[in-house]
Structure formats: C-alpha cells, structure tokens
Amino acid sequence: MVSPLSMLPLGGGAFLGWSLGANDAANVFGTAVGARIVRFRTAALLCSGMVILGAVLQGTEGIETLSSITTQTVHTAVIVSVAAAITSTIMTVLSLPASTSQAVVGAILGIGLATGNTNFTPLLKVAVCWILTPIGSMAIAILVFLAAKAILRRLPMSILTRDKVLRFGLILFGSYGAYALGANNVANTTGMFAGLLDGVDNHMLTAIGGVAIAAGVITYSHRVMLSVGSGIMNMDAFSALVAVLSMSITVHIFALVGVPVSTSQGIVGAILGIGLLRGVHVLRFGLLRRIAIGWFMTPFLGLILSAAGYAIITGTFGAP
Amino acid sequence: MFFRSKQKHIEAGMREYREKAAACVSAFALGMHDFCETGDFERLEEQARAVHAAESEADDLRRQIENMMYERALFPESRGDILDLLETMDSVVNQADRTLRSIFDQRITIPREVRQFILELTEINERCVGLMLQASLLLFDTYTSASALTGKMDELESRSDRLQAETVQWIFTHDLSDLQKILLRDLVGAIGEISDKCMNVGDRIRIIVVKRMI
C-alpha cells in the first residue's frame, strides 16, 4: 500500500511534467493549431490521451538511463525536478520551445557535480543522442518530404480533398507524436525518483508522469502552440505534416533506445530539413538563433539551479 | 464523415453556380445575337431581365456557398481562396448583365456593318467564360489540371483585345455621329471587359494551384 505522504516528493516531478506538457505539446500540434487547421481543444484532448498511453506503454526505458547518471536521494530528486521545472517554465514564459530533457539532465548533472558522484558513460550516450536528434529528424524529414510529394502529385484530387487528407494526416501524426513524447519524455518528469519511493515502481512513475504532462497540455500549451506554428518558417499544411511525422519517428526511436531527447530539437531539425528543400530564404534565422541560445542555456540553467538548490539545502539542513 | 458531407455540399454548390453563371452568359450572348438581328428594344428588355434573373440566382448561390465556408468546413487558407475566386467569378457574370442592360438603357443602335464585329466579340468572350467556368470546376476535381486552361483563356482574351481595337478603329473611321461612336466604343469595351475579368479569375486559379504544388 502506497501512502500519500510518501508520494509527496513527486510534487516536484508533477510540476515538471506539467511544464513539459505546456511547452512540448506545441511540437506535435503547434503547426496545425497555429495555422487553424486543427482546433486547440481537439489537439489538447488527443495529445493528452496519447501522451499518457505512450508514457505507460513505453516510458520505462528512459527512466533506467536517467537513474544511472548519478545516485539520488529523495531530496536530491526533488531538487532536480524543481530546478528543471523552473528552467522549463522560464523558457515557456519566454515562448521559446525548450528542451525539458536538457533541463533535467542539466539538473541531474548539477547534483552529480555537487555530490562528486557522476557517471559519465550514460551521460555521453545521452549527449550523442541529443546531437543525433536534430540531424536524424532533418534526414528523415527530407526523405518523407520527397516520398510524400511524389505520392501526392500522382493522386488526382480536389483542393477540398487535399485539405481533408492533410488535416487527417496532421491529426494522425500529431497523435503519434504525442505518443512518442509520452514514451520518450516521461522519464524527465518522474525518472529521478526511480527506486526511491516505497511501493512506487517505474510503471507507476510513468503513469503519474504521463498524467502530469497531460495536465500541462490541457491547461497551458495554447500560447506556445501559437508561437511555434508561425515562428521558424512559414509552414503550409504539407510541410507541417512532414515535420511532425519526422520528429515523431525520431523521438520514438530514441524512446526505444532509452534516452530522453528533445522534441523541440526534433521539430526544428525537421523544419530545417524541409527548409533546405524549399530554399533557405524561407527560414527565419533570427528566431532560429534565439532557439539555439535557449537550447544552450537550458542545461546550463538547470545545472546551476540544481547545484544552487543543493548548496542551499545542504547549508540550511545539512547534506540531504 | 461529417467533413465529407460538407465537402460534397460545397462541390455541389460550385457545380450549380457554374450552371447558373453559364446560363446567364448564354442568355447574354443570345440577347446580343437577337438584338443584332432584330434591333428590337422590347425584346432586348425581356432578355436583359432574363439575364438579370440568372445573375441574381447565381448571386444567391454564391452567398449560400460562402455561408457554407464559414461553418468551419475548410482550412482558413482554402476558404479565403474559394471566397476570392467566387467574388471574381461573380464580377464576370455582373459584367454580362450590365452590358446587355446598358444597350437598352442607352438605346444604342448597332449599325449593320458593326454587327459582325459585335457578334464575333460576343462569341469570343462567351467562349472565354466557358473556359473560366471549366477551369474553376477542375479545382474541385483534379486541381493540378486547372491552370492548363488558363493558357487558352489567355489566347481568347488576346483575340478579344485585338478585335476590340479593330472594331473601335472601324467605328471612328466611318460616318457615324459622335454620340454613336462613343456609345459603340463603350459597348465594345464593355463586352471585351468580360474576357478581361475572366483573366482575373484565371490568375486566381493559377495562384490557388501554385500554392498547393509541393
């Protein structure tokens, strides 16, 4: 029997999950909602349902990777989750797609460095996967774009049928993207508590994390969706569909590998791939630059906040 | 599916609009032909009323289609494109209506020697409208083929322009009163305006297709 009090530390993880949902839902449905192709309510309901499904069915692999970076206690896990949540919230308020994965790993590393207990092997695996995420998504986007273009051109259809096909595709692939988001990123929300709470196993952690992400999607993702939709490149429905599918495939692959990666980096990589096919003049480099700055700032900010939190807790109460 | 039935309604509406617009322009051409043959203003007035009635029906249909668009059936971009297209097509039908009416209102008499020009000009513009309506319907069938017809519309419009110029030259080099010259010149211009407005529709169709080409 799990006591409610023992679940209290998960509040930090829940907050982080909420923040992740608020920020990352834009990466799966932002382009469709921003272009008013899919209603926000439809997107939010689908996204939240599929996130929970992905988290519960395939979310445990990432938990094992994150829990191997450093040794955690319940208190340091809370520090990590709160530090990562604050980092992610700051980026959300700035309406920039930020990487919760990077915020969490940065925060975990902050604890690792503060306690002098860091395992760099899984960290290296994570870093390699982060680099491969936008590159892989870009490559997949180029292939998907060319294949889909060849198929669509051969199909005789009216402009209304074309709209219908694209809307269906955006909903289908957005739902797949939400599933991949849950499967890959749930580890970021509650993974740091793996093995620390009595009666709470990894499957329960994925369920709690999934529900927290879903809550963030429903309550706060609308504004970020609207900013991603028109931000980086003028996206038509076809390009949006290719971008979401490519990002979803990439993120799902890394969910199976067991490394939480950034859906933000995935979607931007896909958009860059499409932009290269259509001509780089359609890309908004100013916004790309801001996003790149955000990506570098995020793990760094997570690291500083968690290390500072650890120092404050240690200074006030002694070593946690 | 819900969306499918809305799509079918819009497509059916567009086909019906096409029929009404075609009926209006056919009535216009018939009116011009009759008037050139008989010079009968009473008969012309009846035919002008028939053209106006067809134009009004086309207008009503257009508004129905526009209302269907706003029931959230389409992508916002497609909604905007189709609404603009309908408005531009409507200007073609209005032009035919106005032109025939103006002959009656201004009691324009068409000299025998000018009639062949007028009839040929009317026929070219009517054909141009036919192509325009065909091209607009293709958007709701195989949209990638729609812009192919705009090239043919372009040819007809150019022919119309040349014939207009030739007709106006004839009018001003022959023995007609100044008032008659001006009225006939304006009439020729008004008929030629039909194919000009068709080209506006053609341009919109081209843009709609290009925007959707990947």
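These legends accompany several views of a predicted model with chains A and B.

**View 1. Chain A is built from helices.** Let us start with the whole of chain A, whose secondary structure comes to twelve helices and zero strands. Read from the N terminus on, its elements run α-α-α-α-α-α-α-α-α-α-α-α. The globule rule gives 20 Å for 320 residues, and the radius of gyration of chain A is close to that at 19 Å, so chain A is as compact as a globular protein of that length. Taken along the principal axes, its C-alpha atoms fill a box of roughly 70 × 40 × 30 Å.

**View 2. Inside and outside of chain A.** Of the 320 residues in chain A, 56% are buried. Its accessible surface comes to about 12200 Å², and carbon and sulfur atoms hold 73% of that area. Turning to contacts between residues at least 6 apart in sequence, 89% of those in chain A join residues at least 24 apart.

**View 3. Chain B, another chain of helices.** Here you will find six helices and zero strands, running α-α-α-α-α-α from the N terminus on. Chain B has a radius of gyration of 19 Å, close to the 17 Å that the globule rule gives for 214 residues, so chain B too is as compact as a globular protein of its length. Its C-alpha trace spans about 65 × 35 × 20 Å along the principal axes.

**View 4. Inside and outside of chain B.** Buried residues account for 52% of the 214 residues in chain B. About 10000 Å² of surface is accessible, with 47% of it belonging to carbon and sulfur atoms. Among contacts in chain B between residues at least 6 apart in sequence, 83% join residues at least 24 apart.

**View 5. Helix α6 of chain B and its bend.** Follow helix α6 of chain B through residues 178-212. At 1.5 Å a residue, its 35 residues should span 51 Å, and the end C-alpha atoms are indeed 51 Å apart, so the two values agree. Along the way, pause at B:Glu193, where α6(B) bends by about 25 degrees.

**View 6. A salt bridge within helix α2 of chain B.** Side chains of opposite charge can pair when their charged atoms come close. In this view B:Arg49 forms a salt bridge with B:Glu45, and their closest N and O atoms are 3.1 Å apart. Both residues belong to helix α2 (residues 41-69) of chain B, where they sit four residues apart, about one turn of the helix. B:Glu45 has 22% relative accessibility, so this residue counts as partly exposed.

**View 7. A salt bridge between helices α6 and α3 of chain B.** B:Arg204 pairs with B:Asp84 in a salt bridge, with 3.8 Å between the closest N and O atoms. B:Arg204 lies in helix α6 and B:Asp84 in helix α3 (residues 76-105) of chain B, so the pair ties together parts that are 120 residues apart in sequence. Each partner is partly exposed: B:Arg204 at 35% relative accessibility and B:Asp84 at 34%.

**View 8. Neighbouring partners and a network in chain B.** The side chains of B:Arg185 and B:Asp186 meet in a salt bridge, 3.2 Å from N to O. B:Arg185 is partly exposed, with a relative accessible area of 36%, and B:Asp186 is partly exposed at 39%. Salt bridges that share partners also join B:Asp59, B:Arg62, B:Glu66 and B:Asp90 into one network. Over all chains, the count comes to 17 salt bridges.

Note on methods
Residues are numbered from 1 along each chain as its sequence is written. Chains are lettered from A and ligands numbered from 1 in the order in which they are written. This is a predicted model: local features need pLDDT of at least 70, side-chain atom pairs count only at pLDDT 80 or more; totals for chains, interfaces and linings use all residues. Side-chain values use heavy atoms; hydrogens and water are left out. Helices (H or I, at least four residues) and strands (E, at least two) are DSSP runs, numbered from the N terminus. The expected span of a helix is 1.5 Å times one less than its number of residues. The bend at a residue is the angle between axes fitted to the seven residues ending there and the seven starting there. The radius of gyration is taken over C-alpha atoms; the globule rule is 2.2 Å times the number of residues to the power 0.38. Buried means under 20% relative accessible area, exposed over 50%, partly exposed in between (1.4 Å probe, protein chains only). Contact means heavy atoms within 4.5 Å. Accessible areas come from the Shrake-Rupley method with a 1.4 Å probe; for residues, only the protein chains shown count as cover. A salt bridge is a side-chain nitrogen of Lys or Arg within 4 Å of a carboxyl oxygen of Asp or Glu.
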